[in-house]
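Notebook open. I want to look through domains, cores, cavities and one tryptophan, in that order.

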Amino acid sequence: MNTLRNYVGGAWVESASSATLDVENPGTGEILARVPAGSRADVERAVERASAAQRGWKDTPAEQRIQYLFRMKTILEEHAGEIATLCTQESGKTLSESKAEVVRAVENIEVACGIPTMMQGEFSEDVSPGVDTFVIRQPLGVGACIAPFNFPVMIPFWFFPYAIACGNTYVVKPSEKVPGTMTRVFELLQEAKLPEGVLNLVHGGKETVDALLASEGVNAVSFVGSTHVARYVYANGTANGKRVQAQGGAKNSLVIMPDADPETTTRIVADSVYGCAGQRCLAASTVVLVGTARESFKPRLVDAAQGRTTCYGLDGKAQMGAVISRQSRMRIEAMIDDAGKKGATVVLDGRIGALPGYEGGHYILPTVVENVPDSADAAVSEIFGPVMNLKYAATLEDAIVDINSGRYGNAACIFTTSGAAARTFRRDVLAGNVGINIGVPAPMAFFPFSGWKESFFGDLHGQASHAVEFFTQTKVVVERWHNTWIRKF
Ligand code: NAD
């Protein structure tokens, strides 16, 4: 069985730790590889090489730095099919979902190619006689990202293209559940011929994360994952003097008004809840039907859920794939069970145990529950599985009050043909991403991205202008030059 290696200083190296974890294909149960559990020595080796490379890299003009990104874009596009297949094998999602993820990764490289313009400073002439003042942006040093399992390709690309284009060097730590996909991406990216040490890959779990948070050489940490780990990473990283952005979990609500277009709304809402088997941080979990939308939309939504084909992500007919692990399946099933015991109605029960033909995989079919009491975890906590929690509200205002009472603030969506209802919703709802007749409000890479409340710890979000601010520090120069000082030759 293949044990994955780290990529440090331009070479593939074995982990200093002999402990490994199995990497499973959640769609079949097959063990794909072993990943090092990680160690402090691995992190220190990578950070040393990244620090050493940063000195030359920051002096490389931004215009030259982005030439490497242009090559990366071409490499990713040329190998999109292979990368997407690996992504499906490791994460369980469908092939078309994996392909879409590669596109979003490429989009971030494209935006980061604009760094020479985005990194430009500000200038004021004659702030007093002979004195000019300007602001320049300089890289922070070494950045690191700690990624979750659910987007094995895309998420590191929210950060590292911007970081390196700004003159930082970088360490990527993929999720130990899906480490092979990023390993293969790094193998392919070698063809971009970045200077050694600019981009490094270190595997592992908690020990690797703790080493990154403790390492003096790491200046900036970008985390994406569950809320309790995000909070931990933010607290420890900032306590150690690092700049940290930590994107956490979510419990997203989606409101359907009675005037919403029936067909598009039903299709988009079902895609939001069940796409990636509900394992998207922007997926709708709670669907709030306002007024008469209860009668008109409930049967349609249940039909859409029932009609979705669930099977192995590489099977051409798959509309929904597996959840990430047996443990995850059991956790989701226990939440459905608990909701039922506390009085919820399980309208459509996706707990099938085993999927015929893929008995080793971890599948739950689309599930619909309603009237889940707040005492049940499924009402208030992230489920991260293919479960639609139907709720009912008399008015839009009631729906907004209910949404705003939750802990999370990643995304909220409304479906309506009323501009006034949409406007009220977008102004009043407490969420970092709002969808209007959109079920997964993922902004294009030229907009910043993250949530509010317990879905985010930090200030600057990922992507685009926020990424440039996050990966640079400003230096203000106040300069005096009198024209009387010009020598006459
Ligand atoms: P996770 O928090 O379990 O793991 C994320 C990363 O943290 C991994 O690299 C893992 O190795 C590391 N980690 C796990 N436990 C740790 C610990 N105790 N100490 C230090 N490091 C630890 O998350 P996951 O299950 O991989 O991903 C799913 C979660 O990610 C969901 O909550 C989802 O909402 C969230 N997510 C959020 C966004 C967003 O943009 N807000 C995007 C994608 C996923």
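**Domains.** I began with the spacing: the centres of domain 1 and domain 2, taken over C-alpha atoms, are 31 Å apart. Reminder to self: this is a predicted model. I looked up the bounds next, and the assignment gives 6-248 + 455-477 for domain 1 and 252-436 for domain 2. Then I checked what passes between them. On the domain 1 side 23 residues make contact, and they meet 25 residues of domain 2.

**Cores.** Which residues touch the most other members of the largest nonpolar core? I got Met 72, Phe 157 and Tyr 170, in a core of 61 residues. I also asked where this core draws its residues from, and both domain 1 and domain 2 supply at least three each. I followed Met 72 a bit further. With neighbours within four places in sequence set aside, Met 72 has contacts to Ile 109, Phe 160, Ile 164, Leu 189, Ala 192, Leu 194 and Leu 199. There is another core apart from the largest one; I noted 37 residues there, including Val 269, Ile 336, Leu 348 and Val 387.

**Cavities.** How many cavities of 30 Å³ or more are there? I count two. The largest has a volume of about 100 Å³. Its lining runs to 15 residues, and those closest to the centre are Gly 278, Arg 280, Ala 283, Ser 285 and Phe 384. Sorting the lining of this largest cavity by class, I get eight nonpolar, four polar and three charged residues.

The second largest cavity holds about 40 Å³. I listed its lining as Ser 91, Lys 93, Phe 149, Asn 150, Cys 276 and Gln 279. By class that second lining comes out as two nonpolar, three polar and one charged.

**Trp 452.** I found this residue in strand β20, which covers residues 452-453. Why does Trp 452 count as partly exposed? Its relative accessible area is 41%, and partly exposed is the class between 20% and 50%. For surroundings, I skipped residues up to four places away in sequence and found Trp 452 touching Tyr 408, Gly 409, Asn 410, Val 429, Leu 430, Ala 431 and Gly 432. One last distance: from Trp 452 to Val 468 I get 20 Å, C-alpha to C-alpha, with their positions 16 residues apart in sequence numbering.

Conventions: Residues are numbered from 1 along each chain as its sequence is written. This is a predicted model: local features need pLDDT of at least 70, side-chain atom pairs count only at pLDDT 80 or more; totals for chains, interfaces and linings use all residues. Side-chain values use heavy atoms; hydrogens and water are left out. On a 1 Å grid over the protein atoms alone, a cavity is a set of points where a 1.4 Å probe fits but cannot get out, and a pocket is an open set with protein on both sides within 12 Å along at least five of seven lines; lining residues have an atom within 4 Å of a point. Grid points are joined across faces, edges and corners, and a volume is the space filled by probe spheres set on the points. Ala, Val, Leu, Ile, Met, Phe, Trp, Tyr, Cys and Pro count as nonpolar, Asp, Glu, Lys and Arg as charged, and the others, Gly among them, as polar. A nonpolar core is a set of buried Ala, Val, Leu, Ile, Met, Phe, Trp, Tyr and Cys residues joined through side-chain atoms within 4.5 Å. Buried means under 20% relative accessible area, exposed over 50%, partly exposed in between (1.4 Å probe, protein chains only). Domain bounds come from an automatic or database domain assignment. Contact means heavy atoms within 4.5 Å. Helices (H or I, at least four residues) and strands (E, at least two) are DSSP runs, numbered from the N terminus.
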